[in-house]
Amino acid sequence: MWGGRFDAPPNELVARLGESVSYDRRMYAHDIRGSTAHARMLARTGIIPQADADAIVDGLAAVKAEIDAGTFVWSAALEDVHMNIESRLTGLIGAPGGRLHSGRSRNDQVATDMRLYLRDEAAEVVRLLRALQAALVTLAGQHTDTILPGFTHLQHAQPVVFGHVLLAYVEMLERDVGRLTDASRRMDVLPLGAGAMAGTTLPIDREWVAGELGFTGGLCRNSMDAVSDRDFVIELVSALSLMMMHLSRLSEDTVFWCSQEANWVELGDAFCTGSSIMPQKKNPDVCELTRGKAARVYGDLVTLLSLMKNLPLCYNRDMQEDKEPLFDALDTAKLVLAVYAPMVASIVVRKERMHGAASDAALMATDLAEWLVRQGLPFRQAHHRVGALVGAAHRAGKGLEAFTLAELRECVPEATEECLGLWKPEASVAARDIVGGTAPAQVRAQVAFWKAQPWMA
Ligand code: ARG
């Protein structure tokens, strides 16, 4: 590859340290796509003969066919996917193969390959995210009247409908889609033409290559930035990290819902595992593994951030270490998303148990305080009175719903017959009929909004 300058081949351990083909070979189709466009451009601009470009394009197609078929022989001695493909090309077509690398460096080549590859991968992650959102929206649509306790500090707070809880996660995933789409749009510029770092003396046509490869954002404007930027990788992995955080929180909620303490939800058998000793166990491993995998993707992000932080311009070999954490984050996120959507679809909801847990009248204490506000009391005063009532109930060892009107009035003198109707969770959720609130009417409208999205079809 670079024999001219050297008297000795690389030390065997150096070669082992430096090879990346064991993992970067997954970008072969994108590498060949980039090289094909580059070769065509070299002929169009008269830098190489048209016949040589034709031979290169055909040769690259033949190399791709070998790789697709699994007959290609990868060589660690050739370092990376780029050199493996170029070497095989020259093996197949001879001298014209040696013209492919005109006006190009592996530095702008690898940057191009990664952008092409990540554009496709980001689209695939978005597709999987949409499938999970669709599963959540479908389940939410079945539970716009299913009431359960909502929590703050993991303490029963106020009743909500289950559909509202599920749509909260749909909102989070929507922002994840936005971040991935945004990252994908920003990386959609062509580095090729930057050469090793300063551009090339050859009269290449970068615009044509950008059009050919579908880079809608045009060209990287600065050759030094083009070959040393990896923030597009970090941006994507940070979007994946946030997405994993959301899935980890959903998992945490689901693990609790499946516990014997709650027993509100049961996951399909296919998405759970048993115990090798305790015959009764049905464990929500997918949720637990998702929480664990989130940690792993964060690790990938920190690896990438640390990798780049002290690198001088432009390309440094350290940067080859970007690929394993990037690929790991993508593989992990895609696997988790793929298993999560059908797991959500397998959920069986125990409405009665949810409703029972939400029926403690203490969850409606805020409703009474707000009733007092509607009668003209300042909220702080209302809060204090209802607090005293809850304290009295606690001391008496009975629920608020067991209080007579006379007993109510001892703490809340303004109370009327109407207050006795506030203790029903149905009344509580229905009364929160504002945009974004948990009233079934509002949640039905939200479900309708999501069901009208094109990806729900
Ligand atoms: N495999 C290398 C990487 O991923 C390609 C670029 C190599 N460039 C170089 N000058 N050694 O970073």
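I will talk through a helix pair, a strand hairpin and the surroundings of the ligand in this model, which is a predicted one.

Let me begin with the helices, where H6, covering residues 106-141, and H7, covering residues 162-186, have axes that come within 9 Å and cross at roughly 165°. Because angles over 145 degrees count as roughly antiparallel, that crossing makes H6 roughly antiparallel to H7. The handedness of the crossing between H6 and H7 is left-handed. On the H6 side the contact includes Arg-119, Ala-122, Val-125, Val-126, Leu-129 and Leu-132, while on the H7 side Leu-166, Leu-167, Tyr-169, Val-170, Leu-173 and Asp-176 are among the residues taking part. Sorted by class, the contact of H6 with H7 comprises 17 nonpolar residues, 5 polar ones and 2 charged ones.

Turning now to the strands, E1 spans residues 147-152 and E2 spans residues 155-161, and these two run antiparallel, joined by 6 bridges. Within that pairing, Gly-150 is the residue standing opposite Gln-158 of E2. The two strands form a hairpin with 2 residues between them, and in the turn His-153 has a positive phi of about 55°.

That leaves the ligand, and here you may ask which residues are around it. They are Ser-20, Asp-80, Arg-106, Asn-107, Val-110, Tyr-315, Arg-317, Met-319 and Gln-320. If we divide this shell by class, we find 3 nonpolar, 3 polar and 3 charged residues. Looking back at the helices, I would add that Arg-106 of the ligand shell carries a number that falls within the range of H6, residues 106-141.

Methods:
Residues are numbered from 1 along each chain as its sequence is written. This is a predicted model: local features need pLDDT of at least 70, side-chain atom pairs count only at pLDDT 80 or more; totals for chains, interfaces and linings use all residues. Axes are lines fitted to C-alpha atoms, for helices over the stretch in contact, and angles run from 0 to 180 degrees between N-to-C directions. Helices (H or I, at least four residues) and strands (E, at least two) are DSSP runs, numbered from the N terminus. Angles under 35 degrees count as roughly parallel, over 145 as roughly antiparallel, 65 to 115 as roughly perpendicular and the rest as oblique. A crossing is left-handed if the near helix is turned anticlockwise from the far one by less than a right angle, and right-handed if clockwise. Two residues are in contact if their C-beta atoms, placed from the backbone, lie within 7 Å. Ala, Val, Leu, Ile, Met, Phe, Trp, Tyr, Cys and Pro count as nonpolar, Asp, Glu, Lys and Arg as charged, and the others, Gly among them, as polar. Two strands pair if DSSP finds at least two bridges between them. A residue is near a molecule or strand if its C-beta atom, placed from the backbone, lies within 6 Å of it.
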